[in-house]
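Work through the exercises below with the sequence and the coordinates at hand. Each task is followed by a stepwise solution.

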Amino acid sequence: MSISFDFTALSARERYKLMIGTIIPRPIALVTTVDEDGRINAAPFSFFNCLSADPPILALGVENHPDMSFKDTARNIRMTEVFTVNIVSFSIAEAMHVCGAKYPRGVDELKEAGLTAMPGEKVGSPWIAEAPAAFECRRHVTLELGKSRQVILGEIVFAHYRDGVVDPERFHVEPGAVDAIARLGGDLCSTVRDRFEMLTPKL
């Protein structure tokens with residue numbers, strides 16, 4: 001016995017609920033950008049992941065406003081061609097949530113959340129000192145998915161790690177030190193604290 005859905009017959013909201021409840025866990029990118037006047041914006045996105053290591057490409061799914069105008073993140077990336085993805089650990093989860101509130105344009109969400117903006121090394125957007133890791137990116141390409149959403153691909157040009165997160169000799173990142181959180185369906189989130197190994201099979 002199974003339950004099936006014809007996605008072509010569902011509303012956008014119904015498709016959304018099925019997708020975010022099923023495609024789990026989804027990592028959270030706390031994306032920092034600046035506008036043309038250098039004002040900082042920070043916003044979380046769980047439609048996010050890595051797609052390629054050569055070249056090193058990240059993907060963000062950014063929804064437009066209901067009137068189809070760009071959100072600050074999409075607009076800033078379009079105007080400056082750069083952004084920074086900050087990984088969200090459990091320790092900054094509440095601060096990330098503060099950044100997700102709908103502030104008026106021009107409000108510095110990092111200040112509202114008590115997070116520290118650090119100047120980018122290779123891009124104009126800042127990275128967050130409290131994040132376990134951050135990737136400075138240049139926009140690679142933007143895909144327009146209908147009227148409501150863009151998928152923004154960014155090439156990583158620089159990375160920052162908090163002390164104790166990565167072994168610089170072996171390039172091994174310790175998952176427990178990252179302590180990342182992820183989105184599930186609705187308001188539910190999860191951690192990566194329960195782990196197990198599955199060795200790659202060899203024929």
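**Exercise 1.** By class, how many nonpolar, polar and charged residues does the lining of the largest cavity have?

Solution. The model is predicted: local features need pLDDT of at least 70 and side-chain atom pairs pLDDT 80 or more, while totals for chains, interfaces and linings use all residues. Residues are numbered from 1 along each chain as its sequence is written, and side-chain values use heavy atoms, without hydrogens and water.

Step 1. A cavity is a set of points on a 1 Å grid over the protein atoms alone where a 1.4 Å probe fits but cannot get out; lining residues have an atom within 4 Å of a point.

Step 2. The lining consists of Asp 35, Arg 39, Ile 40, Asn 41, Asp 72, Asn 76, Arg 105, Gly 106, Val 107 and Glu 109.

Step 3. Ala, Val, Leu, Ile, Met, Phe, Trp, Tyr, Cys and Pro count as nonpolar, Asp, Glu, Lys and Arg as charged, and the others, Gly among them, as polar. The result is two nonpolar, three polar and five charged residues.

**Exercise 2.** State which strand and which helix each supply at least two residues of this lining.

Solution. With DSSP runs numbered from the N terminus (helices H or I, at least four residues; strands E, at least two), they are strand E3 (40–45) and helix H2 (72–80).

**Exercise 3.** Give the strand order of the open sheet of seven strands, and its edges.

Solution. Step 1. Pairing requires at least two DSSP bridges between two strands; the order is E3-E2-E6-E9-E10-E5-E4, with antiparallel pairing.

Step 2. E3 and strand E4 (48–53) are the edge strands, each pairing on one side only.

Note on methods:
1 Å grid on protein atoms, 1.4 Å probe; cavity = no way out; pocket = protein on both sides within 12 Å on 5 of 7 lines; lining within 4 Å.
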